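User: Hey, can you walk me through this one? I'd like to start with what "buried" is supposed to mean here.
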Amino acid sequence: MATFVPSSSIFRPTLIRCTNDRRALFNRIAPVYDNLNDLLSVGQHRVWKRMAVSWTGAKLGDRVLDVCCGSGDLSFLLSHKVGCDGKVIGLDFSKDQLSIASSRQQLLSKKCFTNIEWVEGDALDLPFMDGWFDAITMGYGLRNVVDKHKAMQEIFRVLKTGSTVSILDFNKSNESLTSAITEWMIDNVVVPVASGYGLSEEYKYLKSSIREFLTGKELEKLALEVGFSAARHYEIGGGLMGCLVAKR
């Protein structure tokens with residue numbers, strides 16, 4: 001697995017401050033994370049991730065960052081967008097997730113994937129210089145960070161002026177029916193399926209994390225508060241998912 005060199009011009013010193021329990025949770029689910037995503041979304045998560053990457057406007061030769069990259073789905077999609085002359089950095093606080101991402105990179109063995117570097121780091125203290133990236137993605141990460149405002153500030157800081165971040169996550173809907181459907185699916189589909197992998201307790205947290213998350217309008221407001229010039233939240237997947245697209 002590739003690691004960063006703090007003295008490199010693109011990096012700045014950082015301290016990983018994420019809570020140990022959240023890191024441990026994502027380390028535990030890492031071995032079956034991809035299989036569960038496919039099962040629970042009937043493969044639709046791949047469509048949502050392509051949409052999120054497309055909204056960044058990433059193009060050939062760009063330097064891009066995938067925050068909370070997990071096993072690398074968004075990073076691999078970004079790699080295709082920026083090509084061999086571009087650069088992709090996938091950052092996560094879970095060593096196990098990064099190990100799986102690195103293994104997938106070697107297994108897939110596509111030429112453009114050599115442009116991906118995996119970095120262990122904290123979304124609340126990104127180890128990169130100001131204004132370094134042409135585009136940023138974050139998939140199912142903002143909901144899980146301990147300080148969403150700080151995470152958005154860090155994304156704003158390392159993003160170039162005029163560039164875009166695309167943040168994909170569960171949608172906290174104002175519609176009672178949509179919220180009820182989401183909670184029913186977690187209780188009756190997600191947790192039972194996860195229990196087959198011995199991970200029912202790990203996936204029970206989903207319901208509370210969505211309840212405590214921000215609505216689309218609140219995410220737009222947060223982005224504008226930290227300095228983004230424009231922000232729009234799109235409901236996708238029948239309103240079960242959402243994607244915040246913000247321009248610096």
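Analyst: Sure. Buried means under 20% relative accessible area, and exposed means over 50%, with partly exposed in between. Keep in mind that this is a predicted model.

User: Ok, so which residues of α5 are buried?
Analyst: In α5 the buried residues are Gln97, Leu98, Ala101, Ser102, Arg104 and Gln105. They sit on the same side of α5, because they cover an arc of only 160° around the axis.

User: Why would residues a few places apart end up pointing the same way?
Analyst: An α-helix has 3.6 residues a turn, so residues three or four places apart point the same way.

User: And what's exposed on the face of α5 turned away from the buried side?
Analyst: That face carries Lys95, Gln106 and Leu107, which are exposed.

User: How far does α5 reach from its first C-alpha to its last?
Analyst: α5 covers residues 95–108, 14 residues in total, and reaches 20 Å, close to the 20 Å expected at 1.5 Å a residue. Ser109 follows α5, and its phi is positive, near 50°.

User: Let's do α9 as well. Which of its residues are buried?
Analyst: For α9 (residues 216–225), they are Gly216, Leu219, Glu220, Leu222 and Ala223. Seen down the axis, these buried residues of α9 fall within an arc of 160°, so they line one face of the helix. Lys217 and Lys221 are exposed on the other side of α9.

User: Switching to charges. How many salt bridges does the structure hold?
Analyst: It holds 12 salt bridges. One of them pairs Lys49 with Asp73, with the closest N and O atoms 2.8 Å apart. That pair links distant parts of the chain, since Lys49 is in helix α3 (residues 44–56) and Asp73 is in helix α4, 24 residues apart.

User: Are Lys49 and Asp73 buried or exposed?
Analyst: Lys49 is buried, and Asp73 is buried too.

User: What does Arg104 from that α5 list pair with?
Analyst: Arg104 forms a salt bridge with Asp73, and there the closest N and O atoms are 2.8 Å apart. Again the pair links distant parts of the chain: Arg104 belongs to helix α5 and Asp73 to helix α4, 31 residues apart. Both Arg104 and Asp73 are buried. Put together, Asp73 has salt bridges with Lys49 and with Arg104.

User: Got another helix-to-helix pair?
Analyst: Yes, Lys207 and Asp187, whose side chains meet in a salt bridge at 2.9 Å, N to O. Lys207 is in helix α8 (residues 200–211) and Asp187 is in helix α7 (residues 176–195), 20 residues apart.

User: Why do Lys207 and Asp187 count as partly exposed?
Analyst: The class runs from the 20% cut-off for buried to the 50% one for exposed. Lys207 counts as partly exposed because its relative accessibility is 21%. Asp187 goes in that class because its value is 38%.

User: Which residues are linked in a network of salt bridges?
Analyst: Asp130, Lys150, Glu154 and Arg157 are linked that way.

User: Now holes. How many cavities of 30 Å³ or more does the count come to?
Analyst: The count comes to 2 cavities. About 40 Å³ of space lies in the second largest cavity.

User: What lines the second largest cavity?
Analyst: Its lining is Leu142, Ile167, Asp169, Phe170, Phe213, Leu219, His233, Gly242 and Leu244. β5 (159–170) and β7 (241–247) are the elements that give two or more residues to that lining. β5 gives the most, with 3 residues. By class, the lining has 6 nonpolar, 2 polar and 1 charged residues. Leu219 in that lining is also among the buried residues of α9.

User: Last topic, backbone oddities. Where does Cys68 lie, and what about its phi?
Analyst: Cys68 lies in the loop between β1 (63–67) and α4 (73–82). Its phi is near 55°, a positive value in a residue other than glycine. Tyr140 also has a positive phi, near 55°, and lies in the loop between β4 (133–139) and α6 (148–158).

User: Is Tyr140 buried or exposed?
Analyst: Tyr140 is buried, because its relative accessible area is 14%.

User: And Met129, where is that found?
Analyst: Met129 is in the loop between β3 (116–120) and β4. Met129 counts as partly exposed, at 35% relative accessibility. The C-alpha atoms of Met129 and Leu159 are separated by 9.3 Å, with the two residues 30 apart along the chain.

How values were computed. Residues are numbered from 1 along each chain as its sequence is written. This is a predicted model: local features need pLDDT of at least 70, side-chain atom pairs count only at pLDDT 80 or more; totals for chains, interfaces and linings use all residues. Side-chain values use heavy atoms; hydrogens and water are left out. Helices (H or I, at least four residues) and strands (E, at least two) are DSSP runs, numbered from the N terminus. Buried means under 20% relative accessible area, exposed over 50%, partly exposed in between (1.4 Å probe, protein chains only). On a 1 Å grid over the protein atoms alone, a cavity is a set of points where a 1.4 Å probe fits but cannot get out, and a pocket is an open set with protein on both sides within 12 Å along at least five of seven lines; lining residues have an atom within 4 Å of a point. Grid points are joined across faces, edges and corners, and a volume is the space filled by probe spheres set on the points. Ala, Val, Leu, Ile, Met, Phe, Trp, Tyr, Cys and Pro count as nonpolar, Asp, Glu, Lys and Arg as charged, and the others, Gly among them, as polar. The expected span of a helix is 1.5 Å times one less than its number of residues. The arc is that of the directions from the helix axis to the C-beta atoms. A salt bridge is a side-chain nitrogen of Lys or Arg within 4 Å of a carboxyl oxygen of Asp or Glu.
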